[in-house]
Amino acid sequence: MSEPRKILVTSALPYANGSIHLGHMLEYIQTDMWVRFQKHRGNQCIYVCADDAHGSAIMLRAEKEGITPEQLIANVKAEHSADFADFLVDFDNFHSTHSDENRELSSMIYKRLRDAGHIATRSVTQYFDPEKKMFLADRFIKGTCPKCAAEDQYGDNCEKCGATYAPTDLKDPKSAISGATPVLKDSKHFFFDLPAFDAMLKSWTRSGTLQDAVANKIAEWLDSGLQQWDISRDAPYFGFEIPEEPGKYFYVWLDAPIGYMASFKNLCARRPDLDFDAYWGKDATTELYHFIGKDIVNFHALFWPAMLEGAALRTPTGINVHGYLTVNGQKMSKSRGTFIKARTYLDHLPPEYLRYYYASKLGRGVDDLDLNLEDFVQKVNSDLIGKVVNIASRCAGFIHKGNAGVMVETNAAPELTDAFLAAAPSIADAYEARDFARAMRETMALADRANAYIAEKAPWALAKQEGKQDEVQAVCALGINLFRQLVIFLKPVLPNLAADAEKFLNVEPLTWEDHKTLLANHQLNPFSALMTRIDPVKVEAMATASKEDLTATDSSADTAPAGNGELAKDPLSAEIDFDAFAAIDLRVALILKAEHVEGADKLLRLTLDIGDEQRNVFSGIKSAYPNPSELEGRLTMMIANLKPRKMRFGISQGMVMAAGPGGEEIYLLSPDSGAKPGQRIK
């Protein structure tokens with residue numbers, strides 16, 4: 001037998017600025033199943049992760065909540081850790097990038113790159129917020145698109161016309177943080193000389209470390225020419241200060257992947273059997289795998305291996321890339337109740353149902369995976385309860401009643417046990433290749449054969465016949481042995497089911513090698529239900545709990561999200577005649593002031609200039625515009641002849657027009673450039 005492999009595995013680091021949702025969980029469940037399979041096979045497989053805890057977004061959120069960044073990331077880490085644990089994601093260590101280990105390793109790697117001539121400096125001109133006293137990243141700048149004149153566009157691209165540009169090209173730029181007009185200011189920045197590693201990356205990315213589709217995408221970037229990578233940010237910034245450079249900080253994406261190393265080093269301090277250099281040193285013979293989503297391929301397949309190479313460290317053995325998660329065929333949506341947080345799911349359903357569904361859909365490619373909620377219910381009920389658990393529930397009672405729970409020593413269908421034995425290498429290969437969908441298909445095909453055998457023999461009918469008791473015991477003993485084989489094949493996906501099955505089977509924790517043996521003259525423990533069917537009502541309740549209360553928002557806030565089928569169910573069926581439509585006084589409005597409403601969860605108070613007067617309007621768009629001052633000076637459209645509505649916060653004198661499904665996806669409608677406050681829209 002070959003020596004056990006030594007493998008280190010990571011998942012992408014979740015950002016410590018929000019909750020885990022089912023899209024995130026796709027990656028952690030995928031990684032956990034692969035790690036569990038390796039351990040199941042007897043390999044030493046270490047799984048580490050950490051919260052990605054640096055950057056301006058965390059600094060600003062902490063400031064908004066009135067706590068320190070350290071308090072914020074501690075709170076989020078506790079939430080993340082609980083969600084992962086309850087989804088049975090079994091990290092060997094879950095750490096934080098804001099750690100002593102990461103500071104030490106980031107400094108070490110930077111100094112090695114600097115001393116080897118791979119760090120350059122030059123002056124960069126950027127927008128600076130004079131009120132917040134900070135340089136602004138592109139996403140913190142908004143203004144008018146220089147190409148199509150669309151307002152309220154981010155500092156690097158226009159969502160309306162698709163144009164890309166430099167933030168300095170924006171017209172009428174505003175800070176998205178304070179609303180102030182930014183000024184241009186020069187600052188010294190530090191750059192990693194990525195082009196110096198062009199030849200190395202062309203070789204490494206074609207060495208089998210990446211899926212073909214990913215390698216092809218990387219080749220496009222390599223062929224178009226690499227650019228030096230800006231790795232610094234100016235104070236104020238929540239992160240690590242660059243050694244010997246006061247006021248200069250590492251960009252979050254420099255120290256984030258080093259967080260993999262830091263988490264492992266933190267574990268090594270508690271595990272004397274682990275040697276850090278044996279996993280990260282230049283001559284390491286261990287295996288290193290990263291599991292990531294396709295949105296961060298450039299950081300992991302270009303910047304990261306080049307940094308490691310330049311710092312005289314090992315590069316990854318493989319980077320396993322997956323696609324996005326859709327729900328019911330569409331992007332996750334709060335309004336449709338399909339933007340589902342991990343905790344919301346766990347409040348309604350057991351974790352293993354989702355683990356199995358993901359496994360049944362996950363191939364080794366980078367295709368997106370769809371969580372169809374109807375299919376989810378049907379597949380779990382059919383496969384796990386109707387096929388796998390059904391075998392044990394059919395057979396256990398006859399063994400307990402007819403033979404005091406002892407499985408007889410016989411093999412009633414050697415051809416069937418031989419088929420299970422012969423299928424094991426292919427299932428193992430599928431797991432190894434991360435083709436979980438094939439592993440599940442082949443396992444369920446075996447479950448179908450086992451159920452067909454039991455149905456054919458019908459022990460419930462045999463038990464009623466004189467002299468057939470031995471055959472009943474033989475058939476049911478075989479059924480339990482086949483159930484045990486299925487549990488072995490499914491254990492990486494369904495660890496709780498496996499643990500409960502081990503108790504019923506009265507065996508030590510099952511390993512992959514146990515599939516080669518059968519139980520004989522073996523005492524079973526009493527059987528109890530191992531799984532129950534999903535009640536569709538619970539899935540509906542989960543979706544309902546995930547929805548924003550859009551109807552309440554709309555009726556209380558006088559906002560009309562255009563085209564929102566959740567509000568209007570079937571808006572095309574609610575016909576009005578032309579005269580009624582013509583009576584609507586739709587006007588261009590200038591937002592003079594936008595502010596939070598004390599005591600309201602979803603409302604902003606807007607002061608609007610409609611030409612001949614000013615109006616006060618309450619609008620339920622707070623979730624999409626957490627910094628309301630960024631709306632000031634913007635043109636929008638409002639219904640001016642709507643009857644004023646008395647609310648507990650004051651009088652709302654109209655309705656602004658918006659589109660989108662709700663939550664963070666609400667977009668105020670704006671007229672074309674050249675419109676003036678008070679103009680009527682025909």
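This section describes a parallel sheet, the helices that lie across it and the nonpolar cores of a predicted model.

Five strands build an open sheet, arranged in the order β3-β2-β1-β13-β14 and paired in parallel. The edge positions are taken by β3 (93-96) and β14 (318-322), each of which pairs on one side only. On average, and with direction ignored, neighbouring strands of this sheet are turned by 25° against each other. At the β3 edge, the partner strand is β2 (residues 44-51), and the two pair in the parallel sense over four bridges. Within this pair, Asn 93 of β3 has Val 48 standing opposite.

Two helices lie across strands of the sheet. Helix α3 (residues 69-86) crosses β2 and β3 and runs at about 160° to β3. Helix α9 (residues 297-310) lies across β13 (287-293) and β14, with an angle of about 145° to β13.

The largest nonpolar core comprises 164 residues, and Tyr 345 and Phe 376 are those with the most contacts inside it. Residues of this core are given both by domain 1 (6-107 + 242-322) and by domain 2 (386-523), and the core therefore lies between the two domains. When neighbours within four places in sequence are left aside, Phe 376 is in contact with Tyr 345, Leu 349, Tyr 353, Leu 354, Tyr 357 and Leu 371, as well as with Ile 534 and Val 539. A second core, separate from the largest one, has 22 residues, among them Ile 58, Ala 150, Tyr 165 and Phe 238.

How values were computed: Residues numbered from 1 in each chain as written. Predicted model: local features only at pLDDT ≥ 70, side-chain atom pairs only at ≥ 80, totals over all residues. Heavy atoms only, no water. Pairing = 2+ DSSP bridges. Axes fitted to C-alpha atoms, helices over the stretch in contact; angles between N-to-C directions. Contact = heavy atoms within 4.5 Å. Core = buried A, V, L, I, M, F, W, Y, C linked by side-chain atoms within 4.5 Å. Buried < 20%, exposed > 50% of the residue type's maximum accessible area, 1.4 Å probe, protein only. Domains from an automatic or database assignment.
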